[in-house]
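Trainee: Hi! Could you walk me through this one?
Mentor: Happy to, let me bring it up.

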Amino acid sequence: MRGAKTDQKPKVRLQTQHHGEKKSLGEMITHVMKSDGVKGFYRGLSASLLRQTTYSTTRFGVYEELKEVFTTGVQTPSFPALIAMASTSGFLGGIAGNPADILNVRMQNDAALPAAERRNYKHAIDGLARMVREEGFASLFRGVWPNSTRAVLMTASQLASYDIFKNELLQRTSMGDNLYTHFTASFMAGFVATTVCSPVDVIKTRVMSSKTKEGFMTLVRRITAQEGFGWMFKGWLPSFVRLGPHTIVTFLFLEQHKKIWRRMHGQVVTTTMRFLTFAASAALTLSTLCGAQSTAGIEALVQRRLPNHSNAFSFSLTLPPSPASYAAPNTTTKQNDEYTVSNAANGTIHITGNTPVALASGLRWYLTTYVHVDIYWFIGSRLHLAPQHLPPVNGTHHGSSIVPWRYHFNTVTFSYTAAFWTWDDWELELDWLALRGVNLPLAWNGYEKILIDVFREAGFSDAEIATFLSGPAFQAWNRFGNIQGSWGGDLPMSWVDNQFALAKQIVARMVELGMTPVLPAFTGFVPYTIGQHYPNASFVNGSQWNGFPLQNTNVTFLEPFDPLFTTLQTSFISKQAAAFGNVSSIYTLDQYNENNPYSGDLGYLRNVTSNTIASLKSADPNAVWLLQGWLFYSSATFWTNARIEAYLGGVANVDMIILDLFSESQPQWQRTNSYYGKPWIWCELHDYGGNMGLYGQVENVTVNPFEALANASSTMVGMGLTMEGQEGNEIMYDILLDQAWSSTPLSSATYFHDWVTARYHGPATLPAGLYSAWDSMRKTVYNNTQINVANAVTKSIFELAPNTTGLLNRTGHHPTTIQYNPAVLVQAWKDFYGVAAQEPSLWDHPAYTFDLTDLTRQVMANAFYPLYTAFVAASKHSNSATYNTTTAAQTGQQLLTLLSDLDALLAASGHPEHFSLAYWIAEARAWASTSNTTSAAAATNTSSMTTGQIADFYEYNARNQITLWGPTGEISDYASKQWAGLISSYYIPRWSLFLQYTLNGTTAANGANPALSPALLAFEEGWQTQIWGEAEGESYVMASGGELQRVVARVVKAWPGVFG
């Protein structure tokens, strides 16, 4: 390739000489050597490589395609036709390569400019970003017309002339179709191309290197008047010295490649193959280039989040750049990440690190420590609030992770939280992850698209596939093999295609930020009709899951020791690599999540895993299997230590990573002796189903990981977050990820104090009440030690189906207990609420309004308990001491009023993304806005759905997940939420029914009320198919500014006994 083989420095310097400058080629070479040294001849190499990947790929590919189209068995294109084809190809190539061409010229000419005028681009990517930022997007196409004109002349004179010269030599001489002919024709083509292009080349170079915007004809007239017509051939000799060899090598390679291809395949090479060859070469070059510019991701993050400070930071990597092709790092020997933060001589904050994620971690350390700004899940980025002049660092700070991997996501997070996320949501999430040092994120999006292609290739019809795939809000459990099919409608192909497009963005950004995505693999779950297509295949049906009807569970599992398993695995991983690139060799694969194996025989279990890893290795020799260790806890009765050891024993230690999914409450690494030698990651699960109660085990997550890491048998290689839903309690997730960068257990008191300082950044002095409120919660709300009672985020009883018994004191990972004295939280609330009187600007601070809403919500949810207890006591006619129908009716009304006021509070929060049903539904319905309305069963005459029908189906999915969770309430209220709109339209009507049926005297002494359950289910099922906005009072309009302050004041006045 031209730019990669020879540099243009002398040519550019000659062409940019102005009237009166008369250096010859030799003199210019000497000048460059003296002024810039040998490196001067390769200035702008990255831009030159980038130019070739855009310019040459386009013009060669289009030209060959056009030739093929206009070539028949008896006639080849004429000379004028070849000229026209080459001109078209060149014009398109000129446009495609123009941005890189500008960079090429500027970077090569930079050293010739006075120091004050130099641009000092670090590399091509930096140059592109700075041009757009400093000069606007249009600057990328400065000089595009002379450049495209030159490209037309170049391609016509080079490609077309080569074909003509070659044909003439073959027809008019005794020369054969060999290297001599190819060399001669290409030499002549190079001569013609250099001569024809020289005038336009000079003009193009002058325009691109200029700092002014002189018109094309004005420039021609001026330099002709100043320099005569000799300007047209300035730099001809260095142009030929560069272009001649480039042309020769290009066509020699192309001709030999054609011969090799024909010899290997026994056929004429197709134009598609020609184009793919050039595209592959270009892609490889670009991959190498991008690998070398591995600070580009963090620089882009700074530009996104701190646009006014993009030049205030400088970054450098302390290790050589990663190769373009991915090789999985050894999971047990991968080194920890390290960074330093210091003051650079040029006035920037300089961050060095051994990985891009280390650089991001160093950046966040500086921003939170010195500037007191951060980025958050629900209130977004606050980094832009950094002051104009950033404070210098006091000396040099060294940071290091204590584990090589920092992991994020549970498979079900993709349904409970991210089911309807857009790119904007993902972009914030990925920046949050990078800045917190996460380098191993799970990447499930797009899985269904690849799986459908695999199944189609295996012979399954679209109708069969449609009976297998689940709806958008339930795909995680379909991926786990717990459920199959979809209730309420088939999954539209528009969903599949749009998620696949989103997945490409997600994975590309993960890689750009320096992360290693954990990609899906073929798990073995297949449509139940597999026996019709492969009658000799070995397959079994899984167990029934959570009482779901048989058509939605008992998922068919293809045994890994069947050869078809490896065939489908290879197909899946190859298609995935084609879509995303060779970006990772770590694959998530869970076969027995809440679904026991067909046999407990130790040999069988070992056989399953040994063949599973063999299938992965056959598709990717570097494959590493990442397994969620949840099965060993959730099905502990089946998974005895002997069975765990046999199951894990089928895989070499270096080929597996295990997520100890619930380390803070139910660690499994201890009873399995560090998973019998397998590398594993200490994970904080914390939240089930997206429960919203305030809760934490702050001392556990700061001490226990250290104890695990220091254990004599420890094979721990990481720390991570595996919450089922990202819902509130953000400080508990922050502290674990920050613990991964601290060589001693973090002081929770210091951490909470510093976290508050950054979170409420803005006022000159933060009121003391903010600190006291959070410190009080640190000691109580966020310091649960009774793990045997409540081992995860709590759920309020008002979210559950009403009854007079069975709601209070539930334990486990959906506890309804309150693990602290509610009065302590009320006092913390008073401190927090009171600071706004001292600092009124906090009412405009998103962190304050969010947290005030969350604290007030919890205080009101806690207040529901004594009212409920009082109602049950007053309505229980079997207890004469407390039975009082009047008191019961009054207390029941108070219950409904409290819920109504809580709904109003949440609606006024100003944070609908976290507290609003309307927002959740709107997100779901928005995915229907697409032209592709075909369902996954399109090939079987299933009628296409309208956009409105798809939107209704998505809304049904969204509603069903957070309420019935299944066709008829199989996991009802598991994923309940305390949201505005959900309380008013779902919980209040349920509690109204409960009050009605309880007060009519039909409830038995044991709490049974035979009429209540069917009445509740009838209401719940009817609610599933409603459309938000159709009922009175329902709206997508969000609260206006200042509404929260008014609503909180009203609620506090209305409930003096709750708020003191």
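Mentor: We'll go through sheets, salt bridges and a helix pair, keeping in mind that this is a predicted model.

Trainee: Sheets please! What is the strand order in the open sheet of eight strands?
Mentor: The order is E8-E7-E17-E16-E15-E14-E13-E9, and the pairing is parallel.

Trainee: And which strands stand at the edges there?
Mentor: E8 and strand E9 (519-520) do; each has a single partner strand, so one side of each has no neighbour in the sheet.

Trainee: What does E9 pair with, then?
Mentor: E9 is joined to E13 by two bridges, and the two run parallel. If you want a residue pair to click on, Pro-520 stands opposite Thr-588 in E13.

Trainee: Moving to the other end, how many bridges are there between E7 and strand E8?
Mentor: Two, with E7 and E8 (residues 440-441) pairing in the parallel sense. Tyr-407 has Leu-440 in E8 as its bridge partner. E7 also pairs with strand E17 (residues 716-721), again in the parallel sense, over four bridges. There, Trp-405 stands opposite Gly-718 in E17.

Trainee: Which residues cover the two faces of E7?
Mentor: Strand E7 (residues 405-408) has Trp-405 and Tyr-407 on one side, with Arg-406 and His-408 on the other, and all of these are buried.

Trainee: How many residues of E14 are buried?
Mentor: Five of the five residues in strand E14 (residues 624-628) are buried. Val-624, Leu-626 and Gln-628 take one side, while Trp-625 and Leu-627 take the other. E14 is joined by three bridges to strand E13 (residues 586-588), and these two run parallel. In that pairing, Tyr-587 has Trp-625 as its bridge partner in E14.

Trainee: I also see a sheet made of three strands. What is its order?
Mentor: That open sheet runs E10-E12-E11, and its pairing is antiparallel. Strand E10 (525-526) and strand E11 (539-541) are at the edges with a single partner strand each, so each has one side without a neighbour in the sheet. E10 pairs with strand E12 (residues 556-558) over two bridges, in the antiparallel sense. Val-526 is the residue opposite Thr-556 in E12.

Trainee: Okay, switching to electrostatics. How many salt bridges does the count come to?
Mentor: The count comes to 27 salt bridges. As background, side chains of opposite charge can pair when their charged atoms come close.

Trainee: Give me one that links distant parts of the chain.
Mentor: Try Asp-655 with Lys-617, whose closest N and O atoms are 2.9 Å apart. Asp-655 sits in the loop between helix H24 (641-649) and strand E15 (656-660), whereas Lys-617 is in helix H22 (residues 602-619), and the two are 38 residues apart.

Trainee: Is Asp-655 buried or exposed?
Mentor: Asp-655 is buried, at a relative accessible area of 16%. Lys-617 counts as partly exposed at 25% relative accessibility.

Trainee: What about a pair that ties two helices together?
Mentor: Glu-955 and Arg-925 form a salt bridge, with the closest N and O atoms 2.7 Å apart. Glu-955 is in helix H35 (residues 947-961) and Arg-925 in helix H34 (residues 917-926), so the pair ties together parts that are 30 residues apart in sequence. Glu-955 is buried, with a relative accessible area of 0%, and Arg-925 is partly exposed at 21%.

Trainee: And one within a helix?
Mentor: Asp-775 forms a salt bridge with Arg-778, their closest N and O atoms being 2.8 Å apart. They are three residues apart in helix H29 (residues 768-779), so about one helical turn separates them. Asp-775 counts as partly exposed at 24% relative accessibility, while Arg-778 is buried at 13%.

Trainee: Which residues are linked in a network of salt bridges?
Mentor: Arg-304, Arg-305, Glu-427, Asp-431, Arg-509 and Glu-512 are.

Trainee: Last topic, helix packing. At what angle do H31 and H32 pack?
Mentor: Helix H31 (residues 846-875) and helix H32 (residues 885-907) pack at about 165°, with their axes 9 Å apart. H31 and H32 are therefore roughly antiparallel to each other. The crossing of H31 and H32 is left-handed.

Trainee: What residue classes make up the contact of H31 with H32?
Mentor: The contact of H31 with H32 has 15 nonpolar, eight polar and two charged residues.

Notes: Residues are numbered from 1 along each chain as its sequence is written. This is a predicted model: local features need pLDDT of at least 70, side-chain atom pairs count only at pLDDT 80 or more; totals for chains, interfaces and linings use all residues. Side-chain values use heavy atoms; hydrogens and water are left out. Axes are lines fitted to C-alpha atoms, for helices over the stretch in contact, and angles run from 0 to 180 degrees between N-to-C directions. Angles under 35 degrees count as roughly parallel, over 145 as roughly antiparallel, 65 to 115 as roughly perpendicular and the rest as oblique. A crossing is left-handed if the near helix is turned anticlockwise from the far one by less than a right angle, and right-handed if clockwise. Ala, Val, Leu, Ile, Met, Phe, Trp, Tyr, Cys and Pro count as nonpolar, Asp, Glu, Lys and Arg as charged, and the others, Gly among them, as polar. A salt bridge is a side-chain nitrogen of Lys or Arg within 4 Å of a carboxyl oxygen of Asp or Glu. Buried means under 20% relative accessible area, exposed over 50%, partly exposed in between (1.4 Å probe, protein chains only). Two strands pair if DSSP finds at least two bridges between them.
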